[in-house]
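Biologist: Please take me through this model, one question at a time. I would like each answer to show its reasoning.

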Amino acid sequence: MSHPKTRYQPTEIAPDTFLIHNHEGEGEAPVSVALNTVLIRAAEPVVVDTGMKENRDDYFEDLFSLVEPEDIRWVFISHDDVDHTGNLNMLMDVAPNATLLVNWFMATRMGASLEVSPARQRWIGDGDSFSVGDRALYAIRPPIFDSPTTRGLYDPTTGFYWASDSFATPMLTPVRDVAEMDEEFWRDGIHLFDRYVSPWLELVDDRKFQKTVDRIEALRPTVMAGCHTPAIFGEHVAKAIAQSRLSPQGDVAPQPDQAVLEQIQQALLGLAA
Ligand SMILES: [Fe+2]
Ligand SMILES: [Fe+2]
């Protein structure tokens, strides 16, 4: 069944740093989930994650409205989930001068699904940096993650931090900026996302978890974005960080279960009848 989908043009969230928007769920589910990527148009342009393959046409249209394929020099992948790697192989095909920034475990876990020669890869681990011509970027693991390969990306020249799956939230309707959301919904959404993405939060020593949040706070980001959140600016950065600190103790609704699936199946039967 078709449904209207809000189409946002890329948003410049910091100088030459563009959030490329996508989302799923609008008009179908109670909430929408963002599926964003970023382009940092440094002297050597950097693509940060590659989105879902289902959104390929819109993604490439947005990306190539900002940069020529042959000018892309780096493709940084935060981790090996399908919502971050959906257009990776095709992008590397059409961007002949790009080097893929992954790590050993990412390449290993992706196996044959990663169609990029090791000759075009560079392995960047947590804490590593790399030069993009006019600046160095730093790979820093966010506090919340659902793959052991995860690294975020920090740009000290703009104060921008790519949080991958951290600081994420569902949205009632798609928006560009968390400031457009009801604040209570946003705060609850961070807890929900954090606990669903990282159920091990309930098991960790809280002092150790807080240190992983301290590490991001110490970067003093002025703007954050992630795959599953609208842009986070200014005072909302501190709020997002503070809210994540409380996620291990947050009250979170259970995930949809078999009873919900049966409702969906009944609805499908009704449609087919
Ligand atoms: Fe993920
Ligand atoms: Fe994700």
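**The metal site and its surroundings**

Biologist: What is the arrangement of the four donor atoms around the iron ion (ligand 2)?

Modeller: The model is a predicted one. The four donor atoms around the iron ion (ligand 2) subtend angles of 83 to 169°. A tetrahedral site would need all angles between 85 and 135 degrees. The range found here therefore makes the arrangement irregular.

Biologist: Which residues coordinate the iron ion (ligand 2)?

Modeller: The donor residues are spaced D-H-x80-D-x62-H in sequence. Their donor atoms stand at 2.1 to 2.3 Å from the iron ion (ligand 2). The residues are Asp-83 (OD), His-84 (NE2), Asp-165 (OD) and His-228 (NE2).

Biologist: Which residue coordinates both iron ions?

Modeller: The iron ion (ligand 1) is coordinated at 2.0 to 2.6 Å by His-79 (NE2), Asp-81 (OD), Asp-146 (OD), Asp-146 (OD) and Asp-165 (OD). Along the chain these donors follow the spacing H-x1-D-x64-D-x18-D. The two iron ions are 3.4 Å apart, and the residue that coordinates both is Asp-165.

Biologist: How many residues apart in sequence are the parts that Asp-83 and Asp-165 tie together?

Modeller: Asp-83 lies in helix α2 (residues 82-85), while Asp-165 is in the loop between β13 (160-162) and β14 (170-171). Both Asp-83 and Asp-165 are buried. The pair therefore ties together parts whose separation in sequence is 82 residues.

Biologist: Is His-79 buried or exposed?

Modeller: His-79 is a donor to the iron ion (ligand 1) through NE2. Its relative accessibility is 0%, and the limit for a buried residue is under 20%. His-79 therefore counts as buried.

Biologist: Which helix gives the most to the largest nonpolar core?

Modeller: The largest nonpolar core has 26 residues, and those with the most contacts inside it are Tyr-161, Phe-167, Ile-216, Met-224, Ile-232 and Ala-240. At least two residues of this core come from each of α5 (183-197), α6 (206-217) and α7 (235-245). With four residues, the helix that gives the most is α5.

Biologist: In β15, which residue is the bridge partner of Tyr-161?

Modeller: An open sheet of six strands, with mixed pairing, has the order β10-β11-β12-β13-β15-β16. Within this sheet, β13 and β15 (residues 223-226) run parallel and are joined by three bridges. The bridge partner of Tyr-161 in β15 is Met-224.

Biologist: At about what angle to β16 does α7 run?

Modeller: In the sheet of six strands, β10 (129-131) and β16 (229-233) stand at the edges with a single partner strand each, so one side of each is left without a neighbour in the sheet. Helix α7 packs on the sheet, touching β15 and β16. The direction of α7 makes with that of β16 an angle of about 120°.

Biologist: Which strands stand at the edges of the sheet of seven strands?

Modeller: This open sheet has mixed pairing and the order β1-β2-β5-β6-β7-β8-β9. Each edge strand has a single partner, so one side of each is left without a neighbour in the sheet. The edge strands are β1 (11-14) and β9 (121-123).

Biologist: In β5, which residue is the bridge partner of Ile-20?

Modeller: Strands β2 (residues 17-20) and β5 (residues 37-40) run antiparallel and are joined by four bridges. Helix α1 (residues 56-64) lies across β2, β5 and β6 (46-48), running at about 165° to β2. In β5, the bridge partner of Ile-20 is Thr-37.

Technical notes. Residues numbered from 1 in each chain as written. Chains lettered and ligands numbered in written order. Predicted model: local features only at pLDDT ≥ 70, side-chain atom pairs only at ≥ 80, totals over all residues. Heavy atoms only, no water. Donors = N, O, S within 2.8 Å, 3.2 Å for Na, K, Ca; no water. Tetrahedral: all angles 85-135°; square planar, octahedral: opposite > 155°, others 65-115°. Buried < 20%, exposed > 50% of the residue type's maximum accessible area, 1.4 Å probe, protein only. Core = buried A, V, L, I, M, F, W, Y, C linked by side-chain atoms within 4.5 Å. Pairing = 2+ DSSP bridges. Contact = heavy atoms within 4.5 Å. Axes fitted to C-alpha atoms, helices over the stretch in contact; angles between N-to-C directions.
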